[in-house]
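Here are a few friendly notes to read alongside the model. Take them one at a time, with the structure open beside you.

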Amino acid sequence: MLLKTLIALCTVFTNLAISVLASGSGRRADTSTCSPETAAVRQEWGDMTDPQRTAYIDAVLCLMSTPSVYSPGVVPGAKSHFDDFMAVHINNTLTIHISGIFLPWHREFVRLYEQALQQKCIGTGPGGRRSLRALSSTAAPPPSPATVLTMRHRVLTRLPKAFTSPRGTGGGCVTGGPFVNHTINFGPFSTNDAFEGILPANWQDYTPHCFVRDLNDYVANMYGNTTIVDALLAASTIAEFQGNMTGYPATLAGLGPHPGIHISLGWALQDFFASPGDPAFYLHHGMVDRTWALWQEMDPENRQTALNGTASLGNPVTSPVVTLDTVVEWGPLGPAKTVGELMDIMSGEYCYRYV
Ligand SMILES: [Cu+2]
């Protein structure tokens with residue numbers, strides 16, 4: 001099935017020239033059998049057919065009905081495997097943003113989500129999608145106890161500038177479309193907590209509330225355009241690339257496209273901790289990953305292993321600098337990996353590419 005090899009990407013970054021992809025072949029000296037011909041292709045949402053989009057959405061709805069892999073009671077808010085991804089993101093928020101592991105951690109996070117859609121909700125053989133009954137009897141990964149981060153010091157010496165914009169066009173519970181019955185089971189959380197280095201004490205709690213969006217074309221157009229992507233790709237160092245992407249430290253006007261697009265869809269996607277509650281999270285981070293991969297591809301010798309920062313939000317001086325040997329984790333979603341395993345989308349356990 002075609003969908004087994006694709007995950008859709010957000011449309012807000014369309015029209016990006018991809019000539020760099022074609023010009024960078026032959027860069028890999030490893031023994032990987034991955035090639036552009038054998039690599040899975042991640043496709044842009046706008047290029048997908050209606051049946052493909054429907055199949056993708058069906059798989060997401062299936063994940064929302066698939067049981068959590070946490071042991072009962074460990075994370076009460078995790079009612080489904082879709083929620084498990086939220087929980088892992090929430091629990092790691094203070095290390096994986098505005099840090100040296102932001103890009104590699106989210107690369108693997110999106111890959112794990114893609115695999116979950118493929119393996120739990122699309123099926124791999126005759127019979128197509130497995131039934132939910134079959135899913136409930138499959139062996140779940142061994143649940144690991146939730147690791148609660150206890151960092152309580154202020155991690156940023158300077159909070160990002162206040163951001164204002166015209167009001168959005170939506171602003172309320174989603175009342176139509178395929179996710180009309182989707183409930184956000186964690187939070188909402190305060191962004192200020194993140195910038196104070198506080199993981200909310202109640203982060204595991206079951207706090208169901210409606211799925212809220214507030215579409216904001218002004219913000220989407222400001223941060224989701226070709227000029228922004230070109231500026232990202234023009235960065236000469238990974239520090240500059242990360243700064244332009246995340247807006248901290250600010251090297252592009254305003255927020256940068258990563259937080260900008262989070263803000264453009266409204267409160268669910270804006271939640272610094274619980275943003276994977278909006279299914280669009282994975283489309284947006286597909287594009288973040290794509291842009292990073294394209295940037296790496298333009299100068300693999302210098303960029304394939306380029307890192308900058310620490311493994312704590314805001315890169316405080318007390319936090320160790322990230323290297324290729326730094327180990328990163330995704331709780332019960334998958335095994336821990338070194339950052340070095342996450343740097344190339346066409347070697348090691350990765351074999352995918354973007355169009
Ligand atoms: Cu994130």
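1. Let us begin with the contacts. In this predicted model, take the contacts in the protein chain between residues at least 6 apart in sequence: 74% of them join residues at least 24 apart.

2. Next, the overall make-up. The protein chain has 13 helices and 8 strands. It holds 355 residues, and 43% of these count as buried.

3. One helix deserves a closer look. Helix H10 spans residues 257-264, and 8 of its 8 residues are buried, so the rest of the structure largely encloses this helix. To find them on screen, look for Pro 257, His 258, Pro 259 and Gly 260, then Ile 261, His 262, Ile 263 and Ser 264.

4. What covers the buried residues of H10? The cover includes helices H7 (217-223), H8 (226-233) and H9 (238-246), which precede H10 in the numbering, as well as H11 (267-270) and H12 (280-298). After H10 comes Gly 266, which has a positive phi, near 110 degrees.

5. Finally, a word on annotation. An unreviewed UniProt entry carries the annotation "domain: Tyrosinase copper-binding", and it places this on residues 97-114 and 278-289. In the model, residues 97-114 are 72% helix and 0% strand, with 21 Å between the end C-alpha atoms. For residues 278-289 the figures are 83% helix and 0% strand, and the end C-alpha atoms lie 18 Å apart.

Technical notes:
Residues numbered from 1 in each chain as written. Predicted model: local features only at pLDDT ≥ 70, side-chain atom pairs only at ≥ 80, totals over all residues. UniProt positions renumbered as here; feature names shortened; annotations may be inferred. Helix = DSSP H or I, 4+ residues; strand = E, 2+ residues; numbered from the N terminus. Buried ≥ 20, exposed ≤ 12 C-beta atoms within 10 Å, placed from the backbone. Contact = placed C-beta atoms within 7 Å.
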